[in-house]
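Colleague: Thanks for sharing this one. Please pick a single part, look at it closely, and then walk me outward from there into the rest of the chain.

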Amino acid sequence: MRIKIVLGGWLLAITLAWLAVLPPELGVSPLVDAQGAATGWWQLRQQALYLSGLWSIGLMALAMVLALRLPWLERPLGGMDQVYRLHKWAGIGAALTAILHWGADASSDWIKGLWGRAGRPARDAVLPRLTDARGFAKDLGEMAFYLLLAMVAITLLTRLLAYKPWRFLHRAMPLVFLALTLHTVALMPLTFWTLPLGLLMGTLLALGSLAAVWSLAGWIGRARSHAGHIHAVRTLGDGGAAAPIEVICALPASWPGHRAGQFAFVRFDASEGAHPFTIASAPGSLGTSAQGEPLLRLVIKPLGDYTRTLGRRLQAGQRVDIEGPYGCFDGRGRHRRQQVWVAGGVGITPFLALLEARQPGATPGPSKLQPVQMHYCTRDAATDPLLPRLRTLCAQAQPPVTLTVHGDAQGQRLRPQDLEATPGPLDIWFCGPQGLGDALHAHASGPRPWRVHRESFAMR
């Protein structure tokens with residue numbers, strides 16, 4: 001809902017600023033006058049061209065700023081994972097409005113075919129120093145438009161590319177934005193540079209360009225990145241190809257600490273780039289290394305091309321760069337609501353940290369904790385390598401955490417309707433497969449409204 005509100009408000013602000021600078025005579029002429037001149041159609045086409053272009057570059061500027069991973073955006077948007085979801089949808093919106101912009105530009109052909117050139121307005125004046133750059137800016141914008149569509153299509157069709165080549169192509173997005181910024185500055189009518197639209201677009205283009213340069217320089221997240229090393233690595237369970245691995249990381253004194261349930265961007269290999277992983281340990285629960293370095297745990301399940309190779313590539317002593325922490329998945333809700341935690345598969349990792357924070361002797365949190373009803377969904381409860389530890393943590397948790405295990409192999413699949421038996425209004429914290437999350441979210445608007453807190457790591 002927050003994403004829809006932000007995108008809607010963003011487009012509304014641009015639209016209102018555009019309306020404020022429209023010429024007063026716009027809309028007075030009929031679409032086609034008595035002499036057969038399509039004056040109204042030409043005016044409509046011209047303003048559709050401008051508005052769609054403003055929408056597209058405005059959404060791209062938003063996407064550029066969101067890509068900086070600014071920590072102060074987390075709380076209002078609900079976490080860094082939601083910041084990235086907004087980034088993704090802003091990029092998709094920029095591509096869709098760019099298609100509208102292209103369609104408005106191409107509509108001149110059918111207007112000329114039906115009514116001719118009569119009534120077509122003269123070109124609007126642009127910034128004087130850029131008058132001679134019109135042709136170049138238009139060609140540059142057209143090339144950037146096709147590149148934008150291609151990159152958004154590749155982002156949506158993630159199965160076409162592994163993460164590494166996708167990341168390489170996505171790094172070209174700031175160049176596309178800078179090209180479209182030049183296109184906008186050179187072709188935006190001179191009258192549009194007056195208040196309020198001129199101030200709004202000038203600010204967006206400046207901030208987006210700064211963000212693009214920051215990205216191209218490789219500075220995103222640098223101030224929150226900490227160079228540590230792998231303290232220990234072990235494979236959990238039977239050691240098979242699908243078994244998760246536990247990685248204990250030793251971090252420098254500059255590490256600011258984290259809250260239970262947060263995640264970090266972790267880079268084991270500079271050529272691969274950083275990947276988001278949940279921190280599966282509570283603050284201070286692992287103590288420090290012999291050298292006094294704070295320790296934290298990652299639990300990584302081999303789900304993709306990259307994570308499948310980590311079990312044989314990682315070893316103690318190897319460098320690791322951890323950026324963060326990020327996230328607002330803290331498992332805390334209103335005291336008048338029943339806390340319900342739902343985890344599926346590797347989605348158990350933030351809850352392991354939250355459970356460690358409830359163990360006897362754990363560092364007390366900033367607010368009073370509540371009893372929890374927890375549901376853990378796994379493929380096979382008989383062989384799950386994380387289940388024994390989960391049961392121990394739940395049994396010792398203070399306040400208590402009541403655990404219910406749902407094993408697919410045992411025919412115990414969780415349905416949203418099963419949570420209806422839990423009394424009172426529900427505060428549901430979910431991390432796991434998208435299908436189950438979608439089902440919980442759809443059921444949340446029923447006769448007993450639920451509040452669903454959902455963390456998403458689909459960051460491309």
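Modeller: Happy to. Let me begin with arginine 415, which counts as partly exposed at 48% relative accessibility. Please keep in mind throughout that this is a predicted model. The side chain of arginine 415 meets that of aspartate 418 in a salt bridge, with 3.1 Å from N to O. Its partner, aspartate 418, is also partly exposed, at 31% relative accessibility.

That pair is a good way into the charged contacts, as the structure holds 14 salt bridges. Another of them joins the side chains of arginine 454 and aspartate 438, at 2.8 Å from N to O. Arginine 454 belongs to strand S11 (residues 451-454) and aspartate 438 to helix H13 (residues 434-443), so this bridge ties together parts that are 16 residues apart in sequence. As for exposure, arginine 454 has a relative accessible area of 26%, which makes it partly exposed. Aspartate 438 falls in the partly exposed class too, with 36%.

Now for a pair in buried surroundings. Arginine 297 and glutamate 246 form a salt bridge through their side chains, 2.9 Å from N to O. Arginine 297 sits in strand S5 (residues 295-300) and glutamate 246 in strand S2, so the contact links parts that are 51 residues apart in sequence. Is arginine 297 buried or exposed? Its relative accessible area is 8%, so it is buried. Glutamate 246 has a relative accessible area of 10% and is therefore buried as well. The two do not stand alone: Arg234, Glu246, Arg297, Glu356 and Arg389 are linked in a network of salt bridges.

Strand S2 also leads us to a loop. Alanine 253 lies in the loop between S2 (245-250) and S3. With 79% relative accessibility, alanine 253 is counted as exposed. Histidine 226 is 27 residues away from alanine 253 in sequence, while their C-alpha atoms are 9.1 Å apart in space.

Next, the sheet around strand S8. Six of the seven residues of S8 (residues 372-378) are buried, so this strand is largely enclosed by the rest of the structure. S8 pairs with strand S7 (residues 338-344) in the parallel sense, over six bridges. In that pairing, valine 340 stands opposite glutamine 373 of S8. Strand S9 (residues 401-407) also runs parallel to S8, and seven bridges join the two. Here valine 372 has valine 401 in S9 as its bridge partner. In a regular strand, side chains alternate between the two faces of the sheet.

Turning to the nonpolar interior, the largest core has 53 residues, and those with the most contacts inside it are Leu54, Met60, Leu148 and Phe192. At least two residues of this core come from each of H1, helix H2 (39-66), helix H4 (80-106), helix H6 (134-156), helix H8 (173-187), helix H9 (197-216) and strand S3 (263-267). H2 gives the most, with 11 residues. Apart from this core lies another, of 27 residues, including Leu236, Ala353, Leu390 and Val401. Val401 is thus a name you have already met, as the bridge partner of valine 372.

Phenylalanine 192 deserves a second glance. Not counting residues up to four places away in sequence, it touches Trp18, Val21, Gln47, Tyr50, Leu54, Leu197 and Gly198. Helix H4 offers a residue with another set of neighbours: threonine 97 lies in that helix. Threonine 97 is buried, with a relative accessible area of 9%. With neighbours within four places in sequence left aside, its contacts are Ser52, Trp55, Ser56 and Leu59.

Helix H1 shows an outward side as well. Leu12, Leu16 and Leu19 make a nonpolar surface patch of about 280 Å², and leucine 16 is found in H1 (residues 2-20).

Finally, the whole chain. The protein has 13 helices and 11 strands, and its C-alpha trace spans about 85 × 50 × 40 Å along the principal axes. Of its 460 residues, 46% count as buried. The accessible surface comes to about 22400 Å², and 61% of that belongs to carbon and sulfur atoms. Among contacts between residues at least 6 apart in sequence, 76% join residues at least 24 apart.

Definitions and conventions
Residues numbered from 1 in each chain as written. Predicted model: local features only at pLDDT ≥ 70, side-chain atom pairs only at ≥ 80, totals over all residues. Heavy atoms only, no water. Patch = residues over 30% accessible without salt bridge, like charges linked within 9 Å, V, L, I, M, F, W, Y side chains within 5 Å. Areas by Shrake-Rupley, 256 points an atom, 1.4 Å probe, with all protein chains shown as cover. Salt bridge = Lys/Arg side-chain N within 4 Å of Asp/Glu carboxyl O. Helix = DSSP H or I, 4+ residues; strand = E, 2+ residues; numbered from the N terminus. Core = buried A, V, L, I, M, F, W, Y, C linked by side-chain atoms within 4.5 Å. Buried < 20%, exposed > 50% of the residue type's maximum accessible area, 1.4 Å probe, protein only. Contact = heavy atoms within 4.5 Å. Pairing = 2+ DSSP bridges.
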